[in-house]
Structures are given as C-alpha cells and as structure tokens.
Amino acid sequence: MVRGFVLLALGRARTRVLYSRLFAPEGRREPEASAEPEAQQAGAEPEPQQAGLGPQRCRLRGKEQLTAVARQVSSSCILARQAADKPLFDSGAAVSEESVRSQEPDLGVFRLSAGEIFSEETVVVWLGVLSLGFALVCDPHENLALAENTLRLLVKYLKEHLKLLVQSNDIVLKTDRIEAILNTFLPHGQLMFVNCCFIQSLEKELNASMCK
C-alpha cells in the first residue's frame, strides 16, 4: 500500500511542499490531505505510535512526516542531477511546453528505516521533473516497479490537467483536481495493475469528474 503522496518544489536552499496527502496515517485509517504554500522547516522527531493522538495532532504529525520526506526527496534529486551533470532548475523560472515534453525525469528510490521518520520502515519512490518533485511513500514490501509506473501516470496527468510547469499556478486553488487524479489512479492508496484499455477507462472517469 501507498502511505502518502508529496508534490514539492525542488530547491537547494529551501524545500517547499506544495501538496501532500496521507492515505494511511499511523494510528488511523482515514486519508488526510493538505496543500501548503511553504514547507515547515521544523524537524520531525519520530514517535513510536500515534494511536493515542487526537485528530488535529495526527494531521500535524502527518504534515511533519511528509515534509521530512520532501526534504530527502529534494536532496536526492539535486545530488542525482549534480552527479549526472544536469542543470538545476529554478522553481520560479518560465518553462516552455517543449521543454516539459523533452525533459527526461529523474527517478530514484530510497529506504527509510523504522523510527527515522515513520515508526515503521518505508520506501520512497520519487520523480523529479524540471523544478518539481513527486513522491510516493510505500510499505517496504510494495511492488516498486508498479509504484514507479503509477507515479509516472500521476505525474503525466498532473502536468496535463494542472499545467504545473508552464504556468504560474496556485496549487491551493487546485487541490480538487489533484485529489481527483489521485482518487482515479491511486484509490485509497492502493496500487493497481493497469493496461491500455483500463487506462482509457480511467481517463474517461477522470475527465467526467473534472467536468463536475
């Protein structure tokens, strides 16, 4: 199962979480989502259990955990680009649609040991596209190839429907579209095996939900 999704603006000086969602917070099962203009810089000290925490504290704890994940994704992506001698893109720079189409995304995976951020071991699969990063926080024994394929699908439709990289967007105003895409291709945090026909069916479902 996928525990969480993070959309972030990559940066060497500061990591900004643009949107985050927990599908399976520790100690509760209800999904939580948040869109936030600035990433919290406070450290996320691990706690062994959250079952005894109230809803508000659980939401705050979830944000702190995903912000900590976002910082590691940003660092991993920047290091990967430096190692490959790739440029580091400014999140405020204008980008053409041609650049978005031609840019090969950066891909990475890293493991978080129990207690590092979450009370249990997790695996993070991430993609970096120009100035944006996308990540799935997965259970340690999840199918990573399937997680990568799902993340690529999510990134594709997020770029298409939100124009994330070619327009100046206020993500806070578009959380309904982000959640529609997540609900279609990652329902309740469950990875799905899909083929071309199934993807076409999901596209129709997504377009119908976008028109509501």
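This report describes a predicted model, with attention to one helix, its neighbours and two loop residues.

Residues are numbered from 1 along each chain as its sequence is written. In this predicted model, local features need pLDDT of at least 70 and side-chain atom pairs count only at pLDDT 80 or more, while totals for chains, interfaces and linings use all residues, and side-chain values use heavy atoms, with hydrogens and water left out.

**The chain as a whole**

The chain holds five helices and six strands, where helices (H or I, at least four residues) and strands (E, at least two) are DSSP runs numbered from the N terminus. Along the sequence these elements follow the pattern β-β-β-α-α-β-β-β-α-α-α. Of the 212 residues of the chain, 45% count as buried; buried means under 20% relative accessible area, exposed means over 50%, and partly exposed lies in between, with a 1.4 Å probe and protein chains only.

**Helix α5**

Helix α5 covers residues 196-210, and its 15 residues reach 21 Å from the first C-alpha to the last, close to the 21 Å expected at 1.5 Å a residue, a span defined as 1.5 Å times one less than the number of residues. The buried residues of α5 are I199, L202 and L206. Seen down the axis of α5, these buried residues fall within an arc of 60 degrees, so they line one face of the helix; the arc is that of the directions from the helix axis to the C-beta atoms. An α-helix has 3.6 residues a turn, so residues three or four places apart point the same way. On the other side of α5, C197 and K204 are exposed.

The cover over the buried residues of α5 includes α3 (144-162) and α4 (175-185). The axes of α3 and α5 come within 13 Å and cross at roughly 35 degrees, where axes are lines fitted to C-alpha atoms, for helices over the stretch in contact, and angles run from 0 to 180 degrees between N-to-C directions. This contact (heavy atoms within 4.5 Å) is made by L153, K156, Y157 and H161 of α3 and I199, E203, L206, N207 and M210 of α5.

**Two residues with positive phi**

Most residues other than glycine have a negative phi. The table lists two residues that have a positive value without being glycine.

| Residue | Phi | Loop | Relative accessible area |
|---|---|---|---|
| D85 | near 60 degrees | between α1 (55-83) and α2 (97-102) | 72%, exposed |
| H188 | about 55 degrees | between α4 and α5 | 62%, exposed |
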